[in-house]
Amino acid sequence: MENVWKRFRADRGKPRLNDQLAKIGGRLRGKEREWRWVLKDVNLDVEPGGTVGLIGINGSGKSTLLKVISHTMYQTAGRCETFGRIGALLEVKGGIHPLLSGRENIYMYGTILGLTRKQIAARFDAIVEFAEVSEAIDRQVKYYSSGMQVRLGFAIASHLDVDILLIDEVLAVGDANFQQKCLRRISEVVAEGTTLLFVSHDLAAVEATCDQALWLTEAVVRAAGPTGEVLAQYRGSIEENAALVAPADEKGMRVLKVEVTGLGGGPATSAHDAQARLVLSTPDAGRAEFVIGISQGTAMPIFVIRHEMSYPAGDFELRCTLQSLPVPRGHYSMWLASIDPRDRRPHHAWQPVGSFDVFGPGTVRPPQGVLVLSPVYVEASWDLS
Amino acid sequence: MVIEAGDVGGTKPGGLRLFDPSTLPDSPPPGSFYKHRVPLLTAIRRVFARREVIFALAERDVRASYKQAALGMGWALLSPVIQILLFTLIFSKVKAFHVNGVPYALYAYVGLMCWSYFSGAFSSGGSSIIGSIALLNKTQFPRECFPLAQMLEQSLYTFISLIPLGILMAYLGFLPHIQVLYAPLFIVIELMFAAGLTLGFSSLVVYVRDLSQVSSIITSLGLFATPVIWPFGKLSSVTWGPLHHADMRPYYSFFNPLGPVIDSFRRTFLQGLSPDWPLLGIAAVSAFLYFIIGYSLFKRLEVGFADIS
């Protein structure tokens, strides 16, 4: 894929006759159509067997990119070439017909993907087994539970020996068990040499399946490279945005300074005691429950700690010692809330207040296809006898 | 695996590349715009390579549409029978529509079969693209497969309607004439015409949704504007306005190739005559043009299918 651009008509007004005539009139007078670019100059070169994760906020162009790659959409400019059969799982139930039985759907979808009946028959049992629909295979799909439909859709798409597999945010549906099963299946498919392009907001899933990642913001590639490093960039930007959208409290408590260091000065280090110092400013004295959280990338903290204390009016320093800091090397955000213990109203709403670096050992990469919820560092000693 | 960066930006150790969006131009370089030009022969070859898909789509539709009905495929038999009963009851009284030696029921049935095929293919094929958005957005076989599958499905129904025809012939004690062997020629003309209009229409509807309302008007008017219940020969001497016993058949044949096709079916199969070759020739040329123009339009417009639908 080289220098691909994609645009949509931005002037999608009402299709009413007078609007349309006005538009045609405008174009005759030499006015250019309004366009909205959804992909700008995207370059992507994936070798056979490579795995690429596409990340970015909603509307950044990830799904459009997959559609251009799968040739269901045509690019506006640039070149896009693919080799081999493409299996696109752009929506779990895509291509499944509700009136047909599970069996008919499997044959139907397989044929559309370019397999012969014989080839499908050879994979039929594996699909049924994976989807766990064996007793319902001759029932119409509309009588399936939504979980069964999802399983069938994924089973079909992932068992049809495609050369390129495109997956767009499908693991979000389905229960935890099924997600784990899907990830395992994806790893198997990748191990067989299939090229994988994976769109997800679940960064852990991207980390677990992809070697490389591409980060898109507003139609533009912001970063590309090894998954870990791209994700770090992306996480950093999410936290910046979270701080921006957090509500400003004019009257309540304000954070003036945040600092996290090792207990005796120096940098914070994994598995060593660390001290967080927050300088806060408040107009009135009072009592509050302080909640501090540490996060990396997402708005979901790795852990939170809380303590109730009285505080004076004016500026004061809040110190908190974190014993044996349980996070690996990396860049983290600190979140703070302070809540009035009587009426449970916040003096300071839950929002990121600062960031800090932790030194020490890095994360251990889990085996392919395994999700790690959040980076926690545990000192361990091993023994074999 | 390498992710190549075309744009300037910082490169950090470990292969991470960062890009600065502000260095991007507002629009791509003029020469790099994608032009969608597929020669028709290439397109036909691609469709042929994926013909399995047409069968699969048609099979899916047939299964799905009769699965819910208690009578199942029986409807494909029943609806032409009811229609022809109605036509015979109403129009067999009209002396002007009669042709010597041919029972009117048979005469009308042949016209009705040709017409039903076309109108069925045109109306279901015409809406096939907008009706298949879900699949269209996710799969990448040639887009022609959608309307062509509808045409195939319609062929099946037409084939089934041969059964009542056989029964009717047996009941009337009517034997087909040997000239029926010309039939494949007429079928090819009808298929080209139907394919051209269906392809062109199905792609236009994506852009102008109002057309989907127009298609039912076209098919219901067409039933009477095409020699289905009346003989084609009526057009050989038209007196209307400035026209005096004018032979409108050549003009009509060019505009609507179905006229000569139906007429030829009747002349050969029912009357034992040979087709009216000049008129059939006009119809063949016209059907071919319909096909080329409709198909070219389809290939031109297919670029935006996934964007707009």
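Modeller: Two strands are taken to pair if DSSP finds at least two bridges between them. This criterion is applied here to a predicted model.

Biologist: In what order do the five strands of the open sheet in chain A stand?

Modeller: The order is S11-S17-S16-S13-S14 in chain A, and the pairing is mixed. Strand S11 (268-269) and strand S14 (301-311) of chain A each have a single partner strand, so one side of each is left without a neighbour in the sheet.

Biologist: How many bridges join strand S13 of chain A to S14(A)?

Modeller: Strand S13, residues 286-295 of chain A, is joined to S14(A) by ten bridges, and the two run antiparallel. Within this pair, A:Glu289 stands opposite A:Glu308 of S14(A).

Biologist: I should now like to turn to the interface. How is its size expressed, and how many residues of chain B are in contact with chain A?

Modeller: The accessible area lost when the parts come together is often given as the size of an interface. Counted by residues, 40 of chain B are in contact with 47 of chain A. On the chain B side, strand S2 (16-18), helix H2 (51-67), helix H6 (133-136) and helix H14 (305-308) each supply at least two residues. H2(B) gives the largest share, seven residues. By character, the chain B side divides into 21 nonpolar, nine polar and ten charged residues.

Biologist: Which strand of chain A is joined by bridges to S2(B)?

Modeller: Strand S9, residues 220-226 of chain A, is joined to S2(B) by two bridges, and these strands run antiparallel. A:Ala223 has B:Leu18 in S2(B) as its bridge partner.

Methods:
Residues are numbered from 1 along each chain as its sequence is written. Chains are lettered from A and ligands numbered from 1 in the order in which they are written. This is a predicted model: local features need pLDDT of at least 70, side-chain atom pairs count only at pLDDT 80 or more; totals for chains, interfaces and linings use all residues. Helices (H or I, at least four residues) and strands (E, at least two) are DSSP runs, numbered from the N terminus. Two residues are in contact if their C-beta atoms, placed from the backbone, lie within 7 Å. Ala, Val, Leu, Ile, Met, Phe, Trp, Tyr, Cys and Pro count as nonpolar, Asp, Glu, Lys and Arg as charged, and the others, Gly among them, as polar.
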